[in-house]
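I am opening a notebook on this structure for a reader who has not met it before. I want to note what I looked up, one topic at a time.

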Amino acid sequence: MLQKSFDSKTEEKWQKRWQEEGTYSFDASSEKPLYSIDTPPPFTSGELHMGHVLSYAYFDFVARYKRMNGYSVFYPQGWDTQGFPTETKVEKKYGKLPPLEFRKRCVEFTGEMIAKMKESMTKMGYSPDWKYQYRTMDPEYHKKVQLSLLQMHRKKMVYRAKHPVYWCTRCRSALAKTDTEDVERSTLLNYFIFTGPKGEPLEIATSRPELMPACVAVMFHPEDERYKHLAGKKIKTALGKEVPAIADKDVLKDFGTGLLMVCTFGDKMDVIWSYRHKLPVIESIAPWGKMQNTGIVDGMNVEEAKKTIIEMLKEKGKLVKQEQLAQTIKLHDRCKHPVEFVQSYQWFADITKHRDEIKKLAEKIEWVPSFGIHYLYDWADSVEWDWVISRQRIFGTPIPFYTCEKCQSVLPCDEDELPFSPERAKEHTCKCGEKMKPETDVCDCWVDSSITPLVIADWPEIKNPDLYPSSLRPQGVEIVRTWAFYTIYRSGLALTGKPPWKTILLNGNVLAPDGKKMSKSLGNVIQPSELLSQYQTDALRQWAAMSGAMAKDRPFSFEDIKFAKSFLNKWWNGARFIETALAGYSAGKKPHLKKVDKWMLERLNQVAEQATEAMEKYEFHSAVKLLQNFFWHDVCDDYLEYVKYRVYGEDAEAKNAAQHVLHTVLYDFVKLMAPFTPHISEELYTEMFGGKEGKTVNYASWPKPSERHAGDHLEVEELRVLVSEARQHKASSKLSQAKWLSKVSITLPKPMHSELVEEFKNIARIKEVKMSEGEFAMDFSEAKPVEE
Ligand SMILES: [Zn+2]
Ligand SMILES: [Zn+2]
């Protein structure tokens, strides 16, 4: 017997039982075709946010759908554990610690965070096999990352070099462009007087006067008539330093005075220009953020230096004017500190050399939606430098090399040293005679996560070739430029030569209901845990399916989740009616189907077909909407009403046919919804159908269309119109729908089948119907309520 209502206690019951019974265990020896998912390892912050909920629900739908379609689904779950935010939190908790101790605390802390997140994921009804869990901080994982770097180094794809890199002076670490965010801010544009070759004054505008001591050239556009004559001449800066004047096509004629100073390094263009024109480098900002090599402002921080130089030049009469300037600057996304360019020894992976090969390999993957590949193209085309893979932090995968501080040569560690760690390093002497030092830098976390498809396939020994490439990589669209790009480059191009997945499925982000990005400072963050306590898991999962317009950001909709919750009630109540109606039903007999029965079965066929098509295309929003509409309207509003008189009537044959259809429709519907709403589906499957196809709905077969009834289907559509007109008449006459009416006259273009006329009388409760041919009309003038 079904309970009165379907609640979260029932959901928890199933979550527990699925875990206990190992429902989602992957059977490596299965004969079934394999379907593998390279799931995103979330960063272990301890919290699942709405973006996770959406994206994890998304591929959980796929996993469940594939299981019901006869696949053996390999669905591991990993954790991206290492990085700045954890270090910051652990430092706050324990203060500064020696590296080994600090790392131990980080591992401990991360373990707690994982436990919290795992619990939330279980509450969402996700179905990974936890046996195949991986954590990027584990020695086994380090080993694989390090081996991958040794292999890439052998292929000359990984190298160490001195190069200006994005740098956070607060965190004292190199950053990738992807660790930075652009912000608009207003600053002062200062106009200073420089001196031309003939002693003439030249005005130059700059927003970074503190870098004037590191000015290495003055530039102008080659077609700028005002300055053309300066090419090759010497100019004196406002501080009196002599620098060359150079023409360059990338100078903007309209900015400031059209004349600018190149400093090492004020911004990205300075880096490009200094390489292009082989200019000297003055390292004016130290890695710890203080000025150096300037002779005048050394030891000051950037803001102090700026003020000092402006004051100094103002006094000398070299400052002409100051204007407000709106500019875009880069901040370190974790600490919001302005990013500088600092020259230092770093480790690089040579992405710029391979941009075309990466694009070609990406083209061998099916992108869903197909326009998603353009995010990768855009990134591949716009990336200016090789990928800086080193970070000057502690909690990360150690970079497995030794370096010589004297001659800068590099020695890879031996493979038997893996997992490499600087604390366990061997003694090595450089060819120059100097003792070599183990590298203490660690990897950018994208180095870890760009081999997930290899790690889950047991690389470097891929024993089961079906495990690589993975069948599916689901991920957020905003990390195509990082996770997808780096994985195609590393797992694909560098390490196997094969694309890492067959299909990549992109999802968008969840915005706040007001359409803005969710953020703590705006106070518009929606917590999954709050939604769960109010609406239940199966409602939240339906919301995820409904919101899933692919690769597009969508505001969170309370309307959708409320609807999803009320749909659960509607479905549950419908199922309870059917349960009562099925009393005494025996499935053996061949039913004598009436036309309405055939109509219902044909609608089920159509819906199963359309839902299958949508699932195959990952269009979960259309699948779930289609199914909800079908059950709410066709089943509950119509069919249940049509068969009530038979269910409660005396005609055993008519009752049996109705029972047969009710049984079939609900059973198939339970299965069609199971990828979205596994809990209610499992409860109904078990309680009402006694585990017809095995113990759990998770491996029951996905419904296929049965015998078709297209002709009957159309005829019944006409009946539906008549019934609905009769219902409206009763409603507008304030009569109960149960009331019998005496007589209705109906005019139809073609005669109606006598069976349907009888059905109409029984369903609409009308004693006598007079049919005639002509333009459609219904006449209720003789329809008097019949007193019983
Ligand atoms: Zn920082
Ligand atoms: Zn050396």
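**Entry 1: a pocket and its lining**

I sorted the lining of the second largest pocket by class and found 22 nonpolar, ten polar and 14 charged residues. I keep in mind throughout that this is a predicted model. I then looked up the volume of this second largest pocket, which comes to about 1300 Å³. Its lining is made up of 46 residues, and Ser207, Arg208, Gly266, Asp267 and Gln327 are the ones that lie nearest its centre. The elements that contribute two or more residues to this lining include the strands β7 (180-195), β8 (201-206) and β12 (260-263), as well as the helices α6 (268-276) and α7 (302-315). I asked myself which element gives the most to the lining, and the reply is β13, with six residues.

**Entry 2: the zinc ion (ligand 1)**

I next listed the protein donors of the zinc ion (ligand 1), which are Cys168 (SG), Cys171 (SG), His332 (ND1) and Cys335 (SG), at 2.1 to 2.3 Å from the ion. Along the chain, these donors follow the spacing C-x2-C-x160-H-x2-C. The angles subtended by the four donor atoms run from 101 to 117°, and I therefore record the arrangement around the zinc ion (ligand 1) as tetrahedral. I also checked whether cysteine 168 and cysteine 171 are buried or exposed, and I found that both are buried.

**Entry 3: the zinc ion (ligand 2)**

For the zinc ion (ligand 2), I found coordination by Cys404 (SG), Cys407 (SG), Cys430 (SG) and Cys432 (SG), at 2.2 to 2.3 Å. The donor residues are spaced C-x2-C-x22-C-x1-C in sequence. Cysteine 407 sits in the loop between β18 (401-403) and β19 (410-412), while cysteine 432 sits in the loop between β19 and β20 (437-438), so this pair ties together parts that are 25 residues apart in sequence. The four donor atoms subtend angles of 102 to 119° around the zinc ion (ligand 2), which makes this arrangement tetrahedral. I looked up the accessibility of the two cysteines as well: cysteine 407 is partly exposed, with a relative accessible area of 37%, and cysteine 432 also counts as partly exposed, at 31% relative accessibility.

**Entry 4: two helices**

I wanted to know how the span of helix α16 (residues 595-616) agrees with its number of residues. At 1.5 Å a residue, its 22 residues should span 32 Å, and because the end C-alpha atoms are 31 Å apart, I note that the two values agree. After α16 comes tyrosine 618, whose phi is positive, near 60°. I then turned to helix α14 (residues 537-546), which is mostly covered, with ten of its ten residues buried. Among the buried residues of α14 I noted Asp538, Arg541, Trp543 and Met546.

**Entry 5: the loop between α6 and α7**

My last look was at two residues in one loop. I placed glycine 295 in the loop between α6 and α7, and I recorded that glycine 295 is exposed, with a relative accessible area of 69%. Isoleucine 296 is found in the loop between α6 and α7 too, and with a relative accessible area of 36% it is partly exposed. I also took two distances between C-alpha atoms: glycine 295 and lysine 590, 295 residues apart along the chain, are separated by 99 Å, and isoleucine 296 and valine 744, 448 residues apart along the chain, are separated by 102 Å.

How values were computed. Residues numbered from 1 in each chain as written. Chains lettered and ligands numbered in written order. Predicted model: local features only at pLDDT ≥ 70, side-chain atom pairs only at ≥ 80, totals over all residues. Heavy atoms only, no water. 1 Å grid on protein atoms, 1.4 Å probe; cavity = no way out; pocket = protein on both sides within 12 Å on 5 of 7 lines; lining within 4 Å. Points joined across faces, edges and corners; volume = space filled by probe spheres on them. Helix = DSSP H or I, 4+ residues; strand = E, 2+ residues; numbered from the N terminus. Nonpolar A, V, L, I, M, F, W, Y, C, P; charged D, E, K, R; others polar. Donors = N, O, S within 2.8 Å, 3.2 Å for Na, K, Ca; no water. Tetrahedral: all angles 85-135°; square planar, octahedral: opposite > 155°, others 65-115°. Buried < 20%, exposed > 50% of the residue type's maximum accessible area, 1.4 Å probe, protein only. Expected span 1.5 Å × (residues − 1).
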